[in-house]
Amino acid sequence: MNWTEFFHMGGYAVYVWGSYGIAALVLVANVWAALRRRRRVMTRLRDYARANEAGNE
Amino acid sequence: MPINYKYAAPKNFYALAGTLTPWLAAATVLLLAAGLYMALFVAPPDYQQGESVRIMYVHVPSAWMSMFVYVIMAGAGAIGLVWNIKLAEVLAAVSAPIGASFTLLALVTGSLWGKPMWGAWWAWDARLTSELILLFLYIGFMALQAAIDDPRRAARASALLALVGVVNIPVIHFSVQWWNTLHQPASISSIAKVGTPAIDPSMLWPLLIMAVAFKLYYVTVALMRMRAEILERERNTAWVAEVLSAR
Amino acid sequence: MAGLADSLSHVLARDLLLAARKPADVITPLVFFAIVASLFPLGVSPEPAVLRGLAPGVLWVAALLATMLSLGRLFDADHADGTLEQLALAPQPLTLLVYPKILAHWLTSGLPLVLLSPLLAIQLHLPTGAIATLVLALLLGTPVLSLLGAVGAALTLGLRGGGVLVSLLVLPLYTPVLIFGAGAVTASAAGQGTEAYLSLLGAFLVLAAGFLPWATAAALRISLD
């Protein structure tokens, strides 16, 4: 397995690796966004619950 | 056929989705790994396009996903509109950014695939032009949702928009095809014609595996997002309070 | 249902009367149409050969944009003064009541565009034979623009940033009409047959007229609830 040739992709390295790179970015970004959303919702709801409790005391 | 409405209740869906997500994520990673391995190492280079044909294994599945997610979005919107099922509304809302990012990916990879072939970063070929219009449709959907404060009106209005869009999409595809054959020489649409005549199995398998991997990915991420949205929507219920205190 | 015919013609007459009272609302998009068409020679080139090639597309795009500008007139005023709620509460089906509103809109926005277009076509050096095709194509296409625009206007009722938002929603949906409308004129200018294009535009019109007012009524109910 000639790795140099593999990464060279017959001269199309920029295009092929660029495409796969951006695909990886999109896949990671969507997951990260989903996790971030969850974190934010949890934080906000906890604060909201805490404020409610405080108000009820 | 008895339909189990148990999981239409947010609390049960939340639990079910929570159980499923890790398995779906694992399956997605496995399939992606298999697909990438086949696309990069097993599939042969094209006699015309050389190694750049490997871009197809990302470009074509993401184009398929851009359409697939839009249809799901419109379908879920319709179900939410007709039967007032909140979960359907949530599915539609969370699908939009995922579908839009696949559309963007299809456009970028299409451009990267086209540059070595056509010598230009962009060409108004039928597939890319249709994808561009689809991106505008996604953006319109998200803009409408964002512009309406009332969540109920937002979900219903964007559902209607998505339905009008989904009916229009075949019309748009057909029109763009027609327009394209008038204006472009046949060689440029050769990329859109990958798969005719019969595509070789060594190229078909990676394509299909990547396509299924992307679909599983979408389901995984959609479920993740839906869980977060459900928590927010159901914030005043006891079960959500339990979830919050449990972590 | 005698009541139905009466209410439909009443809605039509009212909208036409309101448009007649505010001629500026009708004339402004028309002037916009003319201005946009004039920008292209200024921005591109005044050479007849160049303009002739651009003319079909330029005229159609200008018509699309001018239609977008005029969409506010459809529902905004009625929404503001409560007439729209009245229409929604009326015994007649809202879907049917939408038809005369859209017809009135087209008569006061699309039709004037059609009538002005030959003048602008001459300015852009479109061959005379193609001008007839242009008029016919716009005649078939502009009602579809009003019909599609109505759905957009209904969905964005009362929203801030409404005008631009409607454009964002509706312009992608306009692309088939644009492609075949401009295609018809280009074919005519090149001496080719236009039947296919015009038939398709006609088909779009029939489908749009059959399906979109119902979608518009649904959108209005969503926005009014």
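**Chains A, B and C of a predicted model**

In this predicted model, the secondary structure of chain B consists of seven helices and zero strands, so that, read from the N terminus onwards, its elements follow the order α-α-α-α-α-α-α. Taken along the principal axes, the C-alpha atoms of chain B occupy a box of roughly 60 × 35 × 35 Å. Of the 247 residues in chain B, 46% are buried. The contacts within chain B can also be sorted by sequence separation: among those between residues at least 6 apart in sequence, 79% join residues that are at least 24 apart.

Chain A can be described in similar terms. Its secondary structure comprises two helices and zero strands, and its radius of gyration is 23 Å, well over the 10 Å that the globule rule gives for 57 residues, so chain A is more spread out than a compact globule. The C-alpha trace of chain A spans about 70 × 20 × 10 Å along its principal axes, and buried residues account for 16% of the 57 residues in this chain.

From the separate chains we may turn to the place where two of them meet. Here 19 residues of chain C are in contact with 22 residues of chain B. On the side of chain C that touches chain B, helix H7 (128-155), helix H8 (162-189) and helix H9 (195-224) of chain C each supply at least two residues, and the largest share, 10 residues, comes from H8(C). When the residues of this side of chain C are divided by character, 15 are nonpolar, four are polar and none is charged.

The nonpolar core offers another view of the model. In soluble globular proteins, nonpolar side chains tend to be buried together. The largest nonpolar core of this model holds 160 residues, and the members that touch the most other members are Leu160(B), Leu59(C), Leu148(C) and Ala219(C). The element that gives the most to this core is helix H6 (residues 201-233) of chain B, which contributes 17 residues.

One of these core members, Leu148(C), can be followed through its own surroundings. If its neighbours within four places in sequence are left aside, Leu148(C) is in contact with Val170(C), Leu173(C), Tyr174(C), Ala208(C) and Leu212(C).

Methods: Residues are numbered from 1 along each chain as its sequence is written. Chains are lettered from A and ligands numbered from 1 in the order in which they are written. This is a predicted model: local features need pLDDT of at least 70, side-chain atom pairs count only at pLDDT 80 or more; totals for chains, interfaces and linings use all residues. A nonpolar core is a set of buried Ala, Val, Leu, Ile, Met, Phe, Trp, Tyr and Cys residues joined through C-beta atoms within 7 Å. A residue is buried if 20 or more other C-beta atoms lie within 10 Å of its own, exposed if 12 or fewer, and partly exposed in between; C-beta atoms are placed from the backbone. Helices (H or I, at least four residues) and strands (E, at least two) are DSSP runs, numbered from the N terminus. Two residues are in contact if their C-beta atoms, placed from the backbone, lie within 7 Å. Ala, Val, Leu, Ile, Met, Phe, Trp, Tyr, Cys and Pro count as nonpolar, Asp, Glu, Lys and Arg as charged, and the others, Gly among them, as polar. The radius of gyration is taken over C-alpha atoms; the globule rule is 2.2 Å times the number of residues to the power 0.38.
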